[in-house]
Amino acid sequence: MSKETVQPFVELKQVNKYFDTEGKRNLVLGNISFSVKKGEFVSLLGESGCGKSTVLNLIGGFEKPTAGQVFLDGKPVQEPGRHCVMLFQDYGLLPWRSVLKNVELGLEPISLSPDDRRERAMDYLRLVGLEENISQFPYELSGGMKQRVAIARALAMRPELILMDEPFAALDTFNRYYLQDELRRLQEQEGTTIILVTHDIDEAVYLSDRVLIMKTHPGRINKRLHIELSKPRDRSHGDFQYYRRIIFEAFQFTQPRQQPDFQI
Ligand SMILES: Nc1ncnc2c1ncn2[C@@H]1O[C@H](COP(=O)(O)OP(=O)(O)OP(=O)(O)O)[C@@H](O)[C@H]1O
């Protein structure tokens, strides 16, 4: 089968979403259509309020479209399921459970023996470099370590799809870069499909195969951009800057080029 004929793994077809607020109908998403292939890394980038989280919630089955359809692996999404996990900025760890027990938590609904559950949790904690920290509690960890635990927990469930809502927004630049690298490496290794919501243009260019740029009122896709750079990417390379510039232009953040006052 050619690349173009592969069935989409995630598909939104002419999705509209209204929310009722204070007796007023508010069109939040207006006619959104896009698809994501298995193993692809796609980012949704856009200003606050353009509906990025709503798109994730529709794909995850936490919200229903007012019109249009959402498909996962060819089937309409009706409700949240185990094939898909969400990862948030605030890590979602249980403070009274150790690192190991937090990762095991995601595996409790799966029928595994206690030994197998522990072994699988340990495998993923090793992958994110936390094998020495398994007995610690969330309050003893840095923000970056907490997000590593959350990533290990998500990956240990071996989901087909991970939906990420600004997972690194609360971290400092260095931790963000380390975790972006780790995520890229793990995603390549596991072949997981990832849809990432972000405000961070560099993060989108660094990680994504495709970036969908959204506009607001109503939320819609304004531009679709293939990032045709091999991974791992070099943030300082000219090609990386080329894609950043395209995105800056889409948000009209760039200054018009000045005409020189004089000619040489
Ligand atoms: N459950 C809800 N009920 C009513 N309005 C909602 C609900 N969820 C979201 N909205 C509204 O929908 C719009 C889009 O919200 P959404 O959170 O999807 O945007 P976003 O692009 O993810 O924003 P941000 O980047 O700030 O998180 C906003 O105007 C928000 O107030």
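**A walk through two sheets and a ligand shell**

Let's drop in at Pro218, which lies in the loop between strand S9 (210-215) and S10. Those labels come from DSSP runs numbered from the N terminus: H or I runs of at least four residues are helices, and E runs of at least two are strands. What you're looking at is a predicted model, so local features need a pLDDT of at least 70 and side-chain atom pairs count only at pLDDT 80 or more, while totals for chains, interfaces and linings use all residues. Residue numbers start from 1 along each chain, as its sequence is written.

Back to our loop. The peptide bond from His217 to Pro218 is cis, with omega near -10 degrees. His217 sits in the loop between S9 and S10 too, and its phi is positive, about 55 degrees, although it is not a glycine. Why does that deserve a second look? Most residues other than glycine have a negative phi, and most peptide bonds are trans. His217 also counts as exposed, with 12 C-beta neighbours inside 10 Å. Here's how that label works: with C-beta atoms placed from the backbone, a residue is buried if 20 or more others lie within 10 Å of its own, exposed if 12 or fewer do, and partly exposed in between.

Two other spots have a similar flavour. The peptide bond from Lys231 to Pro232 is cis, with omega near 0 degrees, and Pro232 is in the loop between S10 and helix H7 (238-250). Then there's Asp73, in the loop between S4 and S5, with a positive phi of about 55 degrees although it isn't a glycine. Asp73 is partly exposed, with 16 other C-beta atoms within 10 Å.

Now zoom out. The protein has 7 helices and 10 strands. Its radius of gyration is 20 Å, close to the 18 Å that the globule rule gives for 264 residues, so the protein is as compact as a globular protein of that length. (The radius is taken over C-alpha atoms, and the rule is 2.2 Å times the number of residues to the power 0.38.) Along its principal axes, the C-alpha trace spans about 75 × 50 × 50 Å. Of the 264 residues, 35% are buried.

On to the sheets. Their strands pair through backbone hydrogen bonds, either parallel or antiparallel. For a pair to count here, DSSP must find at least two bridges between the two strands. One open sheet has 6 strands in the order S6-S7-S8-S3-S9-S10, with mixed pairing. Strand S6 (84-88) and strand S10 (220-226) stand at its edges with a single partner each, so one side of each strand is left without a neighbour in the sheet. From one strand to the next, the twist averages 20 degrees; the axes are lines fitted to C-alpha atoms (for helices over the stretch in contact), with angles from 0 to 180 degrees between N-to-C directions. Within this sheet, strand S3 (residues 41-45) and strand S8 (residues 193-198) pair in the parallel sense over 5 bridges. If you want to find one, look for Phe41, whose bridge partner in S8 is Ile194.

The other open sheet has 4 strands, S2-S1-S4-S5, and its pairing is antiparallel. Strand S2 (24-36) and strand S5 (75-76) are at the edges, each with a single partner strand, so one side of each lacks a neighbour in the sheet. S1 and strand S4 (residues 67-72) pair in the antiparallel sense over 5 bridges, and Glu11 has Phe71 as its bridge partner in S4.

So which residues surround the ligand? They are Phe19, Thr21, Val28, Gly46, Ser48, Gly49, Cys50, Gly51, Lys52, Ser53 and Thr54, where being near means having a C-beta atom, placed from the backbone, within 6 Å. Strand S1 (10-21) and helix H1 (52-60) each supply at least two residues of the shell, and the largest share, 3 residues, comes from H1. By class, the shell has 3 nonpolar, 7 polar and 1 charged residues. (Ala, Val, Leu, Ile, Met, Phe, Trp, Tyr, Cys and Pro count as nonpolar, Asp, Glu, Lys and Arg as charged, and the others, Gly among them, as polar.)

Stay with H1 for a moment. This helix is mostly covered, with 7 of its 9 residues buried, among them Lys52 and Thr54. Right after H1 comes Gly61, with a positive phi near 85 degrees.

Last stop: Trp96, in the loop between S6 and helix H2 (99-105). Trp96 is exposed, with 9 other C-beta atoms within 10 Å. Trp96 and Tyr139 are 43 residues apart in sequence and 9.3 Å apart in space, C-alpha to C-alpha.
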